[in-house]
Amino acid sequence: MSGSLVCVGTGMLLGGHISPISTSYIAQADVVFSLMSTGISERWVEEMHDDVRSLQSYYQEGKNRNITYNEMVEAILLEVRAGRKVVAVFYGHPGVFACVSHRAIKQAELEKFPAHMEAGISAEDCLYADLSIDPGKSGCINYEASQFMFYQRSIDPAAHLILWQVGLAGDKSLEKFSTGSAYRQILVDLLLETYPADHQVILYQAKVLPIDIMRAEHITLADLVDAELFMHTTLVIPPSEKMRPNQAVLDKLARLDQQKPQNKHRPKLTLVL
Amino acid sequence: MSKVIQVLAQMGSDVSCQSEDATNSLLVTIELESEIAEFIFNKDVTSLERQLDVCPDIVCAVFPAEDDEEEKDDEKDDDSTEETSNCVIGF
């Protein structure tokens with residue numbers, strides 16, 4: 001009997017977002033591993049199958065999360081190697097801001113086991129719906145907050161900037177479950193290089209339980225330092241500037257259009273700003 | 001499936017269970033313990049978690065997948081916790 005691995009996502013909302021194919025994989029698995037965002041959601045997954053094993057026990061404050069993730073991957077692979085049909089269940093999308101699923105699938109494939117991922121509804125998907133943001137309108141850049149701080153990343157003030165895990169911003173140790181206002185001040189200082197202090201930003205938390213209340217708290221950028229942040233709080237920074245046309249490229253395109261006579265009968269394209 | 005999970009799953013998936021009246025009616029139909037029903041009706045997640053004896057301190061911090069190059073570095077620095085940590089951050 002050959003083992004296999006499928007990583008599935010439950011979506012964010014208990015009961016409302018899980019896909020039929022993910023439900024089916026869970027039902028037909030030999031063993032299920034879960035990594036959920038609330039104890040109640042974890043209980044929900046536990047009730048879908050007789051053998052559900054939570055990966056939460058590997059987390060420990062003060063323990064490097066890289067070690068934790070490797071231990072989770074090893075626990076999953078152990079069952080795959082034993083020839084079992086393994087399903088790993090993650091909240092949201094199993095492949096978004098989740099290294100365990102990617103690492104486990106990669107390792108399983110290296111060991112010649114069939115492994116793949118099924119998409120789920122992510123927190124980002126919920127954010128677009130809840131905050132009425134269309135990422136196609138003026139663009140949207142997503143960074144993990146700490147990564148954004150540690151590396152020289154570009155900010156486009158004409159696009160939305162979304163910083164995930166802002167409650168952990170600046171944690172270089174990978175051992176903390178939250179960082180304080182001193183860390184956040186450094187993040188705010190970095191953002192103040194681009195945005196004004198009174199720029200309105202949004203603290204967002206998706207609804208996970210049907211009895212949860214979605215958080216969309218508008219504050220100024222300067223107030224972020226002392227705001228109440230959790231591990232799952234996301235910072236959304238709306239554009240502070242309008243998009244500026246790239247005239248050099250527009251001129252090149254216009255010249256190209258003039259050179260090609262066959263383009264005469266095509267619909268005329270207009271840049272909408 | 002336990003009654004409380006059944007109620008929550010139905011509330012999360014059935015549009016006709018969204019209003020207060022519908023929630024109340026669902027709680028009565030499923031015959032939930034009155035205390036738990038009250039927690040659900042009042043959207044009191046903390047008390048519900050306590051009542052269900054589920055872990056309230058769930059960790060949901062994750063890091064995105066690192067790229068291949070970083071992973072190679074990771075393998076080289078296998079003995080050093082700090083180096084490994086930096087590699088993961090470098091995803």
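Q: Two strands pair if DSSP finds at least two bridges between them. With that rule, in what order do the five strands of the open sheet with mixed pairing stand in chain A?
A: First, a heads-up: this is a predicted model. Pairing in this open sheet of chain A is mixed. Walk across its five strands and you get the order 6-7-10-8-9.

Q: Which strands stand at the edges of that sheet?
A: An edge strand has a single partner strand, so one of its sides is left without a neighbour in the sheet. In chain A, that description fits strand 6 and strand 9 (215-220).

Q: How do strand 7 and strand 10 of chain A pair, parallel or antiparallel?
A: In general, strands of a sheet pair through backbone hydrogen bonds, and either sense can occur. Here, three bridges link strand 7 to strand 10 (residues 234-237) of chain A. As one spot to look at, A:Ile162 stands opposite A:Val236. The sense of this pairing is antiparallel.

Q: Which helix packs on this sheet, touching strand 6, strand 7, strand 8 and strand 10 of chain A?
A: Its direction makes about 135 degrees with that of strand 7 of chain A. Its buried residues are A:Ala123, A:Cys126, A:Leu127 and A:Tyr128, and what covers them includes helix 6 (135-138) of chain A. Spanning residues 123-130 of chain A, this is helix 5.

Q: What is the handedness of the β-α-β crossover from strand 6 to strand 7 of chain A?
A: Strand 6 (residues 140-144) and strand 7 (residues 160-164) of chain A run parallel and are joined by five bridges. Between them the chain passes through helix 7 (residues 145-150) of chain A. The crossover is right-handed.

Q: Is A:Cys126 buried or exposed?
A: The cut-off for buried is under 20% relative accessible area. A:Cys126 has 9% relative accessibility, so this cysteine counts as buried.

Q: How many disulfides are there over all chains?
A: A disulfide is a covalent bond between the sulfur atoms of two cysteines, and here the pair has to be within 2.5 Å. Over all chains, the count comes to zero.

Q: How far from A:Cys140 is the nearest cysteine sulfur?
A: A:Cys140 has 22% relative accessibility, so it counts as partly exposed. There are zero disulfides over all chains, and A:Cys140 is in no disulfide. The nearest cysteine sulfur belongs to A:Cys126, and the distance is 14 Å.

Q: In what order do the strands of the open sheet with parallel pairing stand in chain A?
A: At the edges of this sheet are strand 3 (52-54) and strand 5 (115-117) of chain A, each with a single partner strand. Strand 2 (residues 31-35) and strand 4 (residues 85-90) of chain A are joined by five bridges, with A:Val31 opposite A:Val86. Helix 4 (residues 99-110) of chain A packs on the sheet, touching strand 1 (4-9), strand 4 and strand 5 of chain A. The order of its five strands is 3-2-4-1-5.

Q: Which helix gives the largest share of the largest nonpolar core?
A: This core has 51 residues, and those touching the most other members are A:Ile40, A:Leu127, B:Val4, B:Ile40 and B:Leu48. The largest share is six residues, from chain B's helix 1.

Q: How many residues make up the other core, which includes A:Leu5 and A:Phe90?
A: Don't mix it up with the core of 51 residues. The other core lies apart from that one, and its members also include A:Tyr59 and A:Ala104. Its residue count is 24.

Definitions and conventions: Residues numbered from 1 in each chain as written. Chains lettered and ligands numbered in written order. Predicted model: local features only at pLDDT ≥ 70, side-chain atom pairs only at ≥ 80, totals over all residues. Heavy atoms only, no water. Buried < 20%, exposed > 50% of the residue type's maximum accessible area, 1.4 Å probe, protein only. Helix = DSSP H or I, 4+ residues; strand = E, 2+ residues; numbered from the N terminus. Right-handed = clockwise from strand over helix to strand, strands pointing away. Core = buried A, V, L, I, M, F, W, Y, C linked by side-chain atoms within 4.5 Å. Contact = heavy atoms within 4.5 Å. Axes fitted to C-alpha atoms, helices over the stretch in contact; angles between N-to-C directions.
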